[in-house]
Amino acid sequence: MNFTGAHILSTNQFQRQDVERIFAVADEMEPYALRKKVTRVLEGAILGNMFFEASTRTRVSFGSAFNLLGGEVRETAGFENSALVKGESLQDTARILSGFSDVICMRHPVAGSVADFASASRVPVLNGGDGANEHPTQALLDLYTIRRELAGTGGRSIDGLKIAMIGDLRHGRTVHSLGRLLSLYDNIEVVLISPEELTLPPSIIEHMRSAGAKVSISHELTNSIRDVDIVYSTRIQEERFTSKEDADLYRGKFRLNQAIYTEFCQPNTVIMHPLPRDSRADANELDSDLDDNPNLAIFRQADNGVVVRMALFALVLDVADKIHEFSYDVRWYNSRQV
Ligand code: CP
């Protein structure tokens with residue numbers, strides 16, 4: 001694909017070579033993300049970071065990624081702080097904000113809303129999550145993490161991966177986007193572990209199968225994670241249910257802790273989660289007793305969001321080959337280098 005000026009709305013946009021291009025640029029970003037070096041390649045550019053649904057990682061890592069490239073960030077968080085509560089349309093909001101910004105990131109609770117917004121925007125729009133539909137930048141950072149973790153355990157590639165996706169696969173937009181992205185690779189095996197009512201939408205299962213992936217469905221955890229490379233746990237997406245009581249029916253059904261990991265997983269199985277994990281006692285899908293497990297990749301996974309989002313900004317704003325030209329060493333004390 002031609003990245004320059006493109007909206008990033010869905011993982012359906014990508015071919016394998018596009019994903020590999022993003023990952024190659026992300027690899028180049030590491031010294032800047034670790035604050036060993038500074039680049040000012042986007043000096044003068046403004047990111048409009050528009051989040052109309054709760055977020056910690058995605059909002060702050062988009063902002064950090066843009067700042068690390070030398071750009072400025074302007075934010076709106078929550079409907080209550082925007083003119084959408086006064087009845088302004090998404091399209092008018094896009095027409096206004098694209099006058100103030102060079103690129104826009106947006107999260108919104110309604111599926112398809114970010115694409116509607118992008119249709120009226122004069123600048124590239126990156127989807128930070130639209131309802132239960134997609135979260136393409138999360139899927140890219142997830143796959144980037146899988147690539148790095150597999151390379152670290154015996155130099156394996158993504159081809160031939162066996163992954164278990166666990167939890168609320170019906171409403172979880174991260175697994176929707178990741179499932180489509182994995183379809184670009186060869187000999188992928190996916191085990192979908194969820195309550196019967198919360199399995200992955202049939203259209204995504206069909207998409208993966210027609211691309212050649214082997215997909216199986218399970219409603220049981222322990223025997224289904226015996227020989228996978230990756231366990232990808234997810235939270236019950238309470239905000240997509242009609243009531244908390246409805247979500248409570250499913251919370252805490254598929255808990256992974258160290259005892260279960262030791263008994264049922266392979267010694268090198270990598271543990272992932274898009275986060276936030278729900279650490280309340282009645283949920284606890286990923287127990288904190290896994291925090292010292294070296295195969296728990298969840299915090300490395302979140303860190304990888306910065307380099308992947310830096311790469312996307314560099315590509316859509318067409319500066320990927322100028323990053324180092326506008327760089328210099330940091331001048332301040334940096335604990336990451338000690
Ligand atoms: N993974 C993710 O989307 O996290 P936030 O909701 O904190 O952005």
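**Exercise 1. Aromatic pairs**

Task: Establish how many aromatic pairs there are, and work out how Phe 52 and Phe 79 are arranged.

Solution: The count comes to 6 aromatic pairs, where rings of Phe, Tyr and Trp (its six-membered ring) pair if their centres lie within 6.5 Å, with planes under 30 degrees apart counted as stacked, over 60 as edge-to-face and the rest as tilted. The ring centres of Phe 52 and Phe 79 are 5.4 Å apart and their planes stand at 25°, so this pair is stacked. Next, place the two residues: Phe 52 sits in the loop between strand E2 (46-51) and H2, and Phe 79 in the loop between strand E3 (72-77) and helix H3 (90-100), so the pair ties together parts that are 27 residues apart in sequence. Helices (H or I, at least four residues) and strands (E, at least two) are DSSP runs, numbered from the N terminus. As for exposure, Phe 52 is buried, with a relative accessible area of 5%, whereas Phe 79 is partly exposed at 28%; buried means under 20% relative accessible area, exposed over 50%, and partly exposed in between (1.4 Å probe, protein chains only). Finally, ring pairs join Phe 51, Phe 62, Phe 66 and Phe 313 into a cluster.

The model is predicted, so local features need pLDDT of at least 70 and side-chain atom pairs count only at pLDDT 80 or more, while totals for chains, interfaces and linings use all residues. Residues are numbered from 1 along each chain as its sequence is written, and side-chain values use heavy atoms, with hydrogens and water left out.

**Exercise 2. The surroundings of strand E9**

Task: Determine which strands pair with E9, and whether its faces are covered or not.

Solution: Begin with strand E6 (residues 162-166), which pairs with E9 in the parallel sense over 4 bridges; two strands pair if DSSP finds at least two bridges between them. Within this pairing, Ile 163 stands opposite Ile 230 in E9. Then turn to strand E10 (residues 270-272), which pairs with E9 in the parallel sense over 3 bridges, and in which Met 272 is the bridge partner of Tyr 232. Lastly, inspect the faces of E9 (residues 230-233): Ile 230 and Tyr 232 on one side, and Val 231 and Ser 233 on the other, are all buried, and both faces are thus covered.

**Exercise 3. The largest pocket**

Task: Describe the lining of the largest pocket and explain where this pocket lies.

Solution: The volume of the largest pocket is about 460 Å³. On a 1 Å grid over the protein atoms alone, a pocket is an open set of points with protein on both sides within 12 Å along at least five of seven lines, a cavity is a set of points where a 1.4 Å probe fits but cannot get out, and lining residues have an atom within 4 Å of a point. Grid points are joined across faces, edges and corners, and a volume is the space filled by probe spheres set on the points. The lining of the largest pocket divides into 7 nonpolar, 4 polar and 8 charged residues, with Ala, Val, Leu, Ile, Met, Phe, Trp, Tyr, Cys and Pro counted as nonpolar, Asp, Glu, Lys and Arg as charged, and the others, Gly among them, as polar. H10 gives the largest share of this lining, 6 residues. Domain 1 (11-134 + 304-337) and domain 2 (136-299) both contribute residues to the lining, so the largest pocket lies between them; the domain bounds come from an automatic or database domain assignment.
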